[in-house]
Every structure is written in C-alpha cells, then in structure tokens.
Amino acid sequence: MIQRPDTHPLVLYFNGQISSAVAVRSLKIRDHAALLVYLGDAGLPIPLPSEAEIEEQVATFPNVMPVMRPEQA
C-alpha cells in the first residue's frame with residue numbers, strides 16, 4: 001500500500017470523511033470509475049457502507065421496490 005497523508009483525498013474518502021463526488025473533484029479525475037482505479041492503485045479497498053446504513057437500505061427497499069406477486073407475472 002502506498003502511504004499517503006491523512007489529508008489526502010483518497011484517504012479521506014476511504015475513511016468516509018468525504019463523498020466520492022468530493023474525492024473525484026479534489027483529485028481532478030474523470031469520474032467515479034477512475035476513483036476506484038486510484039483506490040486500487042493505492043492499495044486501498046473500496047469503502048463499504050456501515051452496518052447501520054445497510055440496515056436502513058434494507059428497511060427502505062420494500063417501500064421503493066414494489067413486490068411482484070406470482071399472479072402479476
């Protein structure tokens with residue numbers, strides 16, 4: 001892993017301190033796909049949402065995605 005200062009946009013993004021959009025702008029790169037490449041090149045894994053965020057998404061999913069019943073197929 002390449003060592004970067006704690007204030008580097010890749011480190012801030014990896015630690016969840018800035019959004020991917022802010023990281024893309026700060027690094028002056030093309031898009032979010034390039035951000036993923038930069039993370040890999042720096043030896044940093046892709047950040048994952050927290051357990052609380054995942055649970056919130058799971059709870060919200062039925063409200064935004066209608067359930068298709070067999071008789072509707």
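**Exercise 1. Gln17 in the predicted model: decide whether Gln17 is buried or exposed, and say where Gln17 lies.**

Solution. Begin with the surface: in this predicted model, Gln17 has a relative accessible area of 53%, and the cut-off for exposed is over 50%, so Gln17 counts as exposed. Next, place the residue along the chain, where Gln17 belongs to the loop between helix 1 and helix 2. Finally, relate Gln17 to an earlier part of the chain: Thr7 is 10 residues away in sequence, and the two C-alpha atoms are separated by 9.9 Å.

**Exercise 2. Describe the overall architecture of the protein chain, from its secondary structure to its surface.**

Solution. First list the elements: the protein chain has four helices and zero strands, which gives the pattern α-α-α-α when read along the sequence. Then turn to burial, where 19% of the 73 residues count as buried. For the surface itself, the protein chain exposes about 5800 Å², and carbon and sulfur atoms supply 59% of that area. As a last step, consider contacts between residues at least 6 apart in sequence, of which 35% join residues at least 24 apart.

**Exercise 3. Work out which residues form the largest nonpolar core, and which helices supply them.**

Solution. Start from the general expectation that nonpolar side chains tend to be buried together in soluble globular proteins. Here the largest nonpolar core has 11 residues, namely Leu10, Tyr13, Ala23, Val24, Leu27, Ile29, Ala34, Leu35, Leu39, Ala42 and Leu44. Assigning these residues to helices shows that helix 1 (9-14), helix 2 and helix 3 each supply at least two residues of this core.

**Exercise 4. Determine how far helix 4 reaches and whether its residues are buried or in the open.**

Solution. Take the length first: helix 4 covers residues 51-64, which makes 14 residues, and reaches 20 Å from its first C-alpha to its last. This is close to the 20 Å expected at 1.5 Å a residue. Then consider burial: the number of buried residues among the 14 of helix 4 is zero, and therefore helix 4 lies largely in the open.

**Exercise 5. Characterise the surroundings of Ser20, beginning with its position and ending with its polar contact.**

Solution. Ser20 is placed in helix 2 (residues 20-27), and, because its relative accessibility is 21%, it counts as partly exposed. Leaving aside neighbours within four places in sequence, the residues in contact with Ser20 are Tyr13, His32 and Leu35. Of these, Tyr13 and Leu35 are also among the residues of the largest nonpolar core, while the side chain of His32 makes a polar contact with the side chain of Ser20 at 3.1 Å. To extend the picture, Pro9 is 11 residues from Ser20 in sequence and 9.4 Å away in space, C-alpha to C-alpha.

**Exercise 6. Compare the settings of His8 and Val11, stating for each its location, its burial and its partners.**

Solution. His8 is found in the segment before helix 1, and its relative accessible area of 19% is why His8 counts as buried. A polar atom of the His8 side chain lies 3.0 Å from the backbone nitrogen of Leu10. Ser26 is 18 residues from His8 in sequence, with 9.1 Å between the two C-alpha atoms. Val11, by contrast, lies in helix 1, and is buried with a relative accessible area of 12%. Leaving aside neighbours within four places in sequence, Val11 is in contact with Arg4, Pro5 and Asp6. The C-alpha atoms of Val11 and Leu39 are separated by 8.9 Å, although these residues are 28 apart along the chain.

**Exercise 7. Find how many salt bridges the whole structure contains, and identify the residues involved.**

Solution. A search of the whole structure finds one salt bridge, in which the side chains of Asp31 and Arg30 meet at 3.1 Å, N to O. The two partners can then be classed by accessibility: Asp31 is partly exposed at 27%, whereas Arg30 is exposed at 68%.

**Exercise 8. Explain what is notable about the backbone of Lys28, and locate the residue.**

Solution. Recall that most residues other than glycine have a negative phi. Lys28, although not a glycine, has a positive phi of about 55°. Lys28 sits in the loop between helix 2 and helix 3 (32-41), and counts as exposed because its relative accessibility is 76%.

Definitions and conventions. Residues numbered from 1 in each chain as written. Predicted model: local features only at pLDDT ≥ 70, side-chain atom pairs only at ≥ 80, totals over all residues. Heavy atoms only, no water. Expected span 1.5 Å × (residues − 1). Buried < 20%, exposed > 50% of the residue type's maximum accessible area, 1.4 Å probe, protein only. Contact = heavy atoms within 4.5 Å. Areas by Shrake-Rupley, 256 points an atom, 1.4 Å probe, with all protein chains shown as cover. Polar contact = N/O pair within 3.5 Å; in protein donor to acceptor, adjacent residues only side chain to side chain. Core = buried A, V, L, I, M, F, W, Y, C linked by side-chain atoms within 4.5 Å. Salt bridge = Lys/Arg side-chain N within 4 Å of Asp/Glu carboxyl O.
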